[in-house]
Amino acid sequence: MRIVVTGGAGFVGSHLCERLLGDGHQVVCVDNLITGRREHVEMLSALGEFTFIEHNISEPLYLDGEVDGVMHFASPASPVDFARYPIQILKVGALGSWHTLGLAKAKGARFMIASTSEVYGDPEVNPQPETYWGHVNPVGPRGVYDEAKRYAEAMTMAYHRIHGLDTRIVRIFNTYGPRMRPNDGRAIPQFVSQALRGEPLTVHGDGSQTRSFTYVDDLVEGILRLFFASGVHEPVNIGNPSEMTVLEMARLIVRLAGSTSEVVFTERPVDDPTVRRPNIARARALLGWEPKIEVSEGLPRTIRWFRERLGG
Ligand code: NAD
């Protein structure tokens, strides 16, 4: 198949493109490198039939030739980005989704939107099933991301209902692994780089807020099952239900990295979710998917990658 992946130069997108190329697909990556990396593009170019188009998908895009699939993964996604690129995030969730849905419609291609557990906001229900509508502050600093993704989901369902587009919505929970940016403000890359540099690990609040961390290979497997092997148009959670506190994660990283760093506590960001855990009954039932890689296996792989990068 010839598949367009927006955001293919980013963390998740590069792993997705790598897997698609490995499975023999042609990949057209559309990315403006706002948070992605050219080195990912160079790595992917060596793997198969890979084309890179440097383009802001919040602007229209016309492509020649047949397209079988459009996977819209472009969006800055880390807390640091919410403050730095709020308008770009809203535009790529809204206009970028509109343009990629239009491309899929014009080409008769299947469409997937990379949504997020952030559509649940600071949830009052734990774990979160897909049927939970969420608890989002639209005007807070995180609202730009949460609402952009909620809008993108609504737009995707409208194209499915009105135009009969073959659509998928994947709600991705916190994912980690090699190729994350060390300073993007997400807990794992931040803690790992601090631990490897011997700096204090900065835990927000008292660290009792929980997260559920998915290794990127598990995520990509779930994405591919949803995209290729299902006809499911409703949202599907893909995430690891093993829930832990942020403080537990910080201490685990110090131990696994063999670091002497101490843990310090900083102010909790506004609207930071108190709990986060996926209910994956739908993914289990409809995709036969569940995560295979626990943090005891995924974290050492990630730390190794960061160690090579940081030279620590
Ligand atoms: P990332 O920042 O590493 O990747 C995003 C990519 O999109 C980058 O390469 C960036 O340059 C590109 N991009 C952004 N705006 C663009 C635009 N207007 N035009 C073209 N390219 C643009 O982030 P990521 O963690 O890999 O996230 C990828 C997708 O997965 C995002 O849609 C994100 O919302 C979603 N997601 C990720 C997680 C996670 O834990 N990593 C969780 C939930 C959802």
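**Exercise 1. Find out whether S78 is buried or exposed in this predicted model, and what surrounds it.**

*Solution.* Start with the cover: the relative accessible area of S78 is 0%. Buried means under 20%, so S78 counts as buried. Next, place the residue in the chain: S78 sits in the loop that links β4 to α3 (79-84). Then list its contacts, leaving aside neighbours within four places in sequence: these are R181, D184 and R186. Finally, look at the polar atoms. A polar side-chain atom of S78 is 2.7 Å from the backbone oxygen of D184.

**Exercise 2. Work out how the strands of the open sheet are ordered, and which of them stand at the edges.**

*Solution.* Walk across the sheet one strand at a time. The order is β3-β2-β1-β4-β5-β6-β11, which makes 7 strands with parallel pairing. Now look at the two ends of that list. β3 (50-54) and β11 (235-238) each have a single partner strand, so one side of each lacks a neighbour in the sheet. From one strand to the next, the twist averages 20 degrees.

Two of the pairs can be followed in detail:

- β1 (residues 2-6) and β2 (residues 26-31) are joined in the parallel sense by 5 bridges. Within β2, C29 is the residue opposite V5.
- β5 and β6 also run parallel, with 6 bridges between them. Here I113 has I169 of β6 as its bridge partner.

**Exercise 3. Determine which strands helices α4 and α5 touch, and at what angles the helices lie.**

*Solution.* Take α4 (residues 86-107) to begin with. This helix packs on the sheet and touches β1, β4 (69-72) and β5 (110-116). The angle between the directions of α4 and β4 is about 175 degrees. Continue with α5 (residues 143-163), which packs on the sheet against β5, β6 (167-172) and β11. Between the directions of α5 and β5 the angle is about 155 degrees.

**Exercise 4. Decide how many residues of β6 are buried, and how they divide between its faces.**

*Solution.* Count, then sort. Of the 6 residues in β6, 6 are buried. One face carries T167, I169 and R171, while R168, V170 and I172 lie on the other. Both faces are therefore covered.

**Exercise 5. Describe the cover around helix α6 and name the elements that pack against its buried residues.**

*Solution.* Helix α6 covers residues 187-197, and 8 of its 11 residues are buried. They are I188, P189, F191, V192, S193, Q194, A195 and L196. Their packing partners are β7 (175-176), β8 (201-204), α8 (246-256) and α10 (295-310). Just after the helix comes G198, with a positive phi of about 75 degrees.

**Exercise 6. Trace the polar surroundings of the ligand and find how much of its area the protein buries.**

*Solution.* Begin with the shell. It holds 32 residues, and those that come nearest are V12, D31, T35, N56 and Y145. Then go through some polar pairs:

- D31 places a polar side-chain atom 2.5 Å from a ligand oxygen.
- I57 has a polar backbone atom 2.9 Å from a ligand nitrogen.
- S75 has a polar backbone atom 3.4 Å from a ligand oxygen.

Now turn to the area: the ligand taken alone exposes 820 Å², and the protein buries 97% of that. The elements giving two or more residues to the shell are α1 (11-22), β5 and α5. With 3 residues, β5 gives the most.

One more residue is worth a look here, since it contacts D31: H55, in the loop between β3 and β4. Beyond its neighbours within four places in sequence, H55 is in contact with V30, D31, N32, P60 and L61. Its relative accessible area is 18%, so H55 is buried.

**Exercise 7. Locate the backbone features at L33, R179 and P127.**

*Solution.* Recall the background first: most residues other than glycine have a negative phi, and most peptide bonds are trans.

- L33 has a positive phi near 60 degrees. Its place is the loop between β2 and α2 (38-45), and at 18% relative accessibility L33 is buried.
- R179 has a positive phi near 85 degrees. This residue lies in the loop between β7 and α6, and R179 is buried at 13%.
- P127 is joined to N126 by a cis peptide bond with omega of about -5 degrees. The loop that holds P127 runs between β5 and α5.

Methods:
Residues numbered from 1 in each chain as written. Predicted model: local features only at pLDDT ≥ 70, side-chain atom pairs only at ≥ 80, totals over all residues. Heavy atoms only, no water. Buried < 20%, exposed > 50% of the residue type's maximum accessible area, 1.4 Å probe, protein only. Helix = DSSP H or I, 4+ residues; strand = E, 2+ residues; numbered from the N terminus. Contact = heavy atoms within 4.5 Å. Pairing = 2+ DSSP bridges. Axes fitted to C-alpha atoms, helices over the stretch in contact; angles between N-to-C directions. Near = heavy atom within 4 Å. Polar contact = N/O pair within 3.5 Å; in protein donor to acceptor, adjacent residues only side chain to side chain. Areas by Shrake-Rupley, 256 points an atom, 1.4 Å probe, with all protein chains shown as cover.
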